[in-house]
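Here is a set of questions and answers on how certain terms are applied to a predicted model. Each answer sets a computed value against the criterion behind the term.

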Amino acid sequence: DGYRNTNQVSDDYRYQDGSYEGANDGYYRGGEEPAQEEDAQSDVTEGHDEDDEVYEGEYQGIPHPDDIKEKQKKRGPAVDDEYRDRADLMAERMEDEEQLAHQYENIIEECGHGRFQWTLFFVLGLALMADGVEVFVVGFVLPSAEKDMCLSSSNKGMLGLIVYLGMMVGAVLLGGLADKLGRKQCLIISLAINAAFAFLSSFVQGYGFFLFCRLISGLGIGGTLPIVFAYFSEFLSREKRGEHLSWLCMFWMIGGIYASAMAWSIIPHYGWGFSMGTKYHFHSWRVFVLVCALPCIASLVALKFMPESPRFLLEIGKHDEAWMILKQVHDTNMRAKGEPERVFTVSYIKTPKQVDEFIEIQSSTGTWYQRWLVRITTTLKQVWDNVLYCLTAQYRMNTLMLAVVWFTMALSYYGLIVWFPDMIRYFQDEAYESRVKIFDEEEVSHFTFNFTLENQIHRNGEYRNDKFIGMKFKEVRFEDSLFEDCYFEDVRSSETFFENCTIISTVFYNTDLYEHKFINCRLINTTFMSEKEGCHIDFEEDNDFLIYLVSFLGSLSVLPGNIISALLMDKIGRIKMIGGSMLISAVCCFFLFFGNSESAMIGWQCLFCGASIAAWNALDVITVELYPTDKRATAFGILNGLCKFAAILGNSIFSSFVGITKVVPILLASSALVGGGLLALRLPETREQVLM
């Protein structure tokens, strides 16, 4: 099958018989050993391969001989790993990982926090911003897309949920792969998938293909959240981690603001598009979908210039590559601080023992697809083993408690985020219906209608020899009326119906008054000619700007919560931040009983979003810190996938009660927040913990 199972040990170097060879020991020696000779120091960028060919660019670690001799005295005769019990190897690996965790913390502190971390902060921030944009895109384009692609109510609901379904799968799959293939590589794959299918979705015309593109686009962007936080945390020291991961969360807010602003400025401009014949239409909402892909593309390009996480490289035994990256971080920060003369003093970093790695030994074995099949199945098996590892005795309780907290938080938050705009639309519709104009028994003859009729009901009317030319019907109903010898030309309509009407000797030319708009009507000698084909965006909604404004204010309202959580994360701790934020959010839910108008709902939405964001930030931080490096992205992906599943449930449950009752959504959200907040208080505090 082209693979063999080996117990590969990433050994360091020991001094023996006048030469350097592999040793199983080594500690972070930064600043502790005496100065070596100038010749020895100059060899730091040279190494040798198996054929003893000297080449430039690779670090060759040389521990101090005195330390090596002392270690050799304590160690008995060497035993080949293939004859050792797997449990012994795993125990040794865990001991190595614990030593590496403390050594790595000291190294990151020596590298400092400066230009490198801030550059990575903005690059990863763009990726997180793309995730925030993706959540809002479908909601903003749905009113236009439903008319452009003739969507039924069930199709609209599926389109609204399909992105969350893709994100759920992507979080688990790509998060797991990031622990095996690397943070940078998997983040590039994730962003590339999202950018490609988001771009493609703006051009496709059919509903099925558009749905597929948004599903795969969501799958791609779903992997960004677990990878971004795992990636960035591994360049931060313990004292900076909580604060700067919280600052990074602000880019999700910026993504929401960006999407709202672009929707407000682009979608209402129906003329921002083009048509190719009668079948292909590129309307303004498609331009908006294209613009929303820009943060993802920008992050994808910038990520090409960033290195892999050195913590991940050390975990898989790539010592020299990790050392070179850490030296790059150190030198970049020192130059930015005006201290380019400061030397990176680390000569050796502990690497955990490598256990049961699969290595391809012959590229000529089998056919190409057989080799790829073995490679893919092996990788997926390793990902699955990581998933199961998160449920072992050591992590089971933390994983289950975190799962409940993530689920309750997501159910309440995403459910209410959808419920707020739906309630605002409901209040708008009620106000609109209250202004309806009713005309009874009107008689109109030899008159030309060339203006818009809106929000009207005409009952028992008679229309003879009238012309309806180049006009619009919006929310108009004709009931028990007579149309005789009338002429309709170039008429567009929205929510317009004829009920129990009699229509005699009337011509409909180039209109969208289709058969289903005539309910129980008698059509006598009536002609329909050149009906408008397909679905059309009939009108610019006067209240669209209010929906965009609501989303904009909801995103902006989390700014105070982001600032407070960033400043207090390392002072009061993650657990108190999660519990306090969720309990305050639950109290805010009860005030929704007093939200009986549009302005009141907008105000309570802003208050709820601002109170809940601190819990989200603390959840991101504690999830990163509770799991070891080789399981970190996997665990985050599992929990984030569960979060998206809760979002699907929340959207479905809460939206079904719009216009029926407010009691069920409010009680469900507040109860979930209280339960999750109290359970969060039982989680272990991690602010003083080094990254394992």
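Q: What is the strand order of the open sheet that contains S10, and which pairing does the sheet have?
A: The 5 strands of this open sheet follow the order S10-S13-S16-S20-S23, and the pairing is parallel.

Q: Why are strand S10 and strand S23 said to stand at the edges?
A: Strand S10 (443-445) and strand S23 (522-524) each have a single partner strand, so one side of each lacks a neighbour in the sheet. From one strand to the next, the twist averages 5 degrees.

Q: What makes strand S16 and strand S20 a pair?
A: Pairing requires at least two bridges, and 3 bridges join strand S16 (residues 482-484) to strand S20 (residues 502-504), so these parallel strands count as paired. Within this pair, phenylalanine 483 stands opposite isoleucine 503 of S20.

Q: What makes strand S14 and strand S17 a pair?
A: Strand S14 (residues 467-469) and strand S17 (residues 487-489) run parallel and are joined by 3 bridges, which satisfies the requirement of at least two and therefore makes them a pair. Lysine 467 has tyrosine 487 in S17 as its bridge partner.

Q: Why is cysteine 501 called buried?
A: Its relative accessible area is 1%, and because buried means under 20%, cysteine 501 falls in that class.

Q: How do you know that cysteine 501 is in no disulfide?
A: The nearest cysteine sulfur, belonging to cysteine 521, is 4.7 Å away, whereas a disulfide needs the sulfur atoms within 2.5 Å, so the criterion is not met. The structure as a whole holds 0 disulfides.

Note on methods
Residues are numbered from 1 along each chain as its sequence is written. This is a predicted model: local features need pLDDT of at least 70, side-chain atom pairs count only at pLDDT 80 or more; totals for chains, interfaces and linings use all residues. Side-chain values use heavy atoms; hydrogens and water are left out. Helices (H or I, at least four residues) and strands (E, at least two) are DSSP runs, numbered from the N terminus. Buried means under 20% relative accessible area, exposed over 50%, partly exposed in between (1.4 Å probe, protein chains only). Axes are lines fitted to C-alpha atoms, for helices over the stretch in contact, and angles run from 0 to 180 degrees between N-to-C directions.
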